[in-house]
Amino acid sequence: TSVSHSHMCCPPLGLESLRVQDSQLRASSHKRYGLGAHRGRLNIQSGLYDGDFYDGGWCAGQEDVGQWLEVDARGLTNFTGVITQGLNSIWTYDWVTSYKVQVSNDTHTWHPCRNGTEEAVFPGNQDPETPVLNLLPQPVVARYLRINPQSWFPNGTVCLRAEVLGCPLPDPNRPPRQPLPTAGLDFRHHNHTEMRKLMKRVNDECPNITRVYSIGRSYLGLKMYVMEISDNPGMHEVGEPEFRYVAGMHGNEVLGRELLLNLMEYLCREFRAGNPRVVQLVTQTRIHLLPSMNPDGYETAYKLGSELSGWAMGRWTYEGIDLNHNFADLNTALWDAEDNDLVPHEFPNHYIPIPEYYTFANATVAPETRAVIAWMQRFPFVLSANLHGGELVVTYPFDMTRTYWKAREPTPTADDGVFRWLAAVYATSNRAMASEQRRLCHHEDFTRYGNVINGADWHTVPGSMNDFSYLHTNCFEITVELSCDKFPHASELPAEWENNRESLLLYMEQVHRGIKGVVRDGDTEEGIANAIISVDGINHDVRTASHGDYWRLLNPGEYEVTARAEGYGAATRRCRVPFENVPTPCGFRLYRTRPPGRGRHRLPPDPPLRLQRQRLRRLRAHRRAP
């Protein structure tokens, strides 16, 4: 991808991305099954327990210079380099400090890699996590490659994780791999400048349905660009729901960024070609795509490149903030109020105000987080997904455990059924997740749950964007972990687009599931902003947008729905949601409980809304000047 070595043009074989299967990895010995050859993959993560069945690398059973890890490329390959890491473990320090490389065509006769006449000895690792690349003195053609450790960290043992670089040679006995059918999309990694160029190009190609805007700047001043795709870009149409995808919150989890750039290109091209599905999506939905929420972190990872950025470089912002822990914790206040039976009559079950401490000048709130919170206020988003990487699973709120000292426990929202449906839509239509051949990425087998899990039941994340979105706005948001490999090599991008294209489209279409309508003043017929929509039996309300329109995601069934607004009498009606993905119209007319005073047509906002707005104003006051 973006690695700066001239003859490192051969891609990785795919130990990290799992394209290389367990059966292609063999070793001279292993300490135990959990440290077998199949675990010797770059960036693989260990389980939490010492002696885990799924541990963080390959470890030899003996400590001598006769140990090896062998990769079968399954065909003649021009090997150009090897990348190694130490063992991923919180219990021990183990890494290889030097190694030799041997190659073979039959596993019986082995030829050492030479540097001139000498057998080459390659420098290994200095710590467990930093990947170290060694290019071979000359590329060598063979089918099998062995990494043969010569020395290791004195207090440790022979352990490593690896990736092998090589180009497969044409094999007359095997048909060439068919190119994927989506030629024409820009499959490569885009740094900030290249991303901006691609967005401009799509905007130039489809000026009638696209608009590029910025929601703010990163700490280092890079603009956070959004692509809007709609048949009326730049304006909210009454009754049309707004959708967003957010990628790159962790800068080194890069697949989401590239998928959103490909999605822009795809929607533009297919709309112009008259693809009926895309035309319907674009004309009935206002779509916002934010490919890079953490542009500074991305640049850090991009400069190191796909194979050398390790597991964490670029995850955090330039200031060292993890953006997925940086949103205001609204869960604690809600759960305290619930425990005291105050919800919803004394404490709101939606639009929960930001806590006061979060608005102080000295609060650690990243400029990237502030920009996204302001963006959430500007648009009446209904549905969203937050694209991550490093696993293959879809998670839904809550992300934070209700029992504060527990690392994981199921913590459902009031809309658990809808969230499970939304997560299942993405997971079941995703080719990588749905594949029967798929093996687990690291140490958790999510296939047992259909590749869907409640976020807090996986691991607790206080201050997550998903929980904040659900409790502070109308928007339902899930997290998609897109791939085992956080930074796939560019050669993997066409296949990853094929894995995700249907899921990305199908998930956007879910914004139309449930009920929608306009709440109007019965006398003037004007829309009423910030009216509250309650569904009987679900302790989570939504509010109308500035024109009085609302959308409420619901699973099929019959519901009793109530609309209320400050100064108006409430109205209730029954609305039925069908199995088809078509929103049920469910509008309301409300009548004033007291006639408006002279010159005072607008009623003051209700108290919870007043508090929410006041806190947001205080949060905005502390934004650093750009």
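**View 1. The open sheet and its strand order.** In this predicted model, 8 strands form an open sheet with mixed pairing, and their order is β11-β12-β14-β13-β15-β18-β16-β17. The edges are taken by β11 (210-217) and β17 (452-454), each of which has a single partner strand, so one side of each is left without a neighbour in the sheet. When direction is ignored, neighbouring strands of this sheet are turned by 20° against each other on average.

**View 2. The pairing of β11 with β12.** Strand β12 (residues 223-229) pairs with β11 in the antiparallel sense, and the pairing extends over 6 bridges. Within it, Y213 has V226 in β12 as its bridge partner.

**View 3. Helices against the sheet.** Helix α2 packs on the sheet, where it touches β12, β13 (242-247), β14 (286-290) and β15 (381-388), and its direction makes about 140° with that of β13. Helix α7 (residues 416-429) lies across β13, β15, β16 (393-396), β17 and β18 (476-481), and it runs at about 35° to β18.

**View 4. The contact of α2 with α11.** Helix α2 (residues 255-273) packs with helix α11 (residues 493-509) at an angle of about 70°, and their axes lie 10 Å apart. Angles from 65 to 115 degrees count as roughly perpendicular, and α2 and α11 are therefore roughly perpendicular to each other. The crossing in which α2 passes α11 is right-handed. On the α2 side the contact is made by L255, E258, L259, N262, L263, Y266 and L267, which meet L493, E496, W497, N500, R501, L504, L505 and M508 in α11. The residues of this contact divide into 10 nonpolar, 2 polar and 3 charged.

Note on methods. Residues numbered from 1 in each chain as written. Predicted model: local features only at pLDDT ≥ 70, side-chain atom pairs only at ≥ 80, totals over all residues. Heavy atoms only, no water. Axes fitted to C-alpha atoms, helices over the stretch in contact; angles between N-to-C directions. Helix = DSSP H or I, 4+ residues; strand = E, 2+ residues; numbered from the N terminus. Parallel < 35°, antiparallel > 145°, perpendicular 65-115°, else oblique. Left-handed = near helix turned anticlockwise from the far one by under 90°. Contact = heavy atoms within 4.5 Å. Nonpolar A, V, L, I, M, F, W, Y, C, P; charged D, E, K, R; others polar. Pairing = 2+ DSSP bridges.
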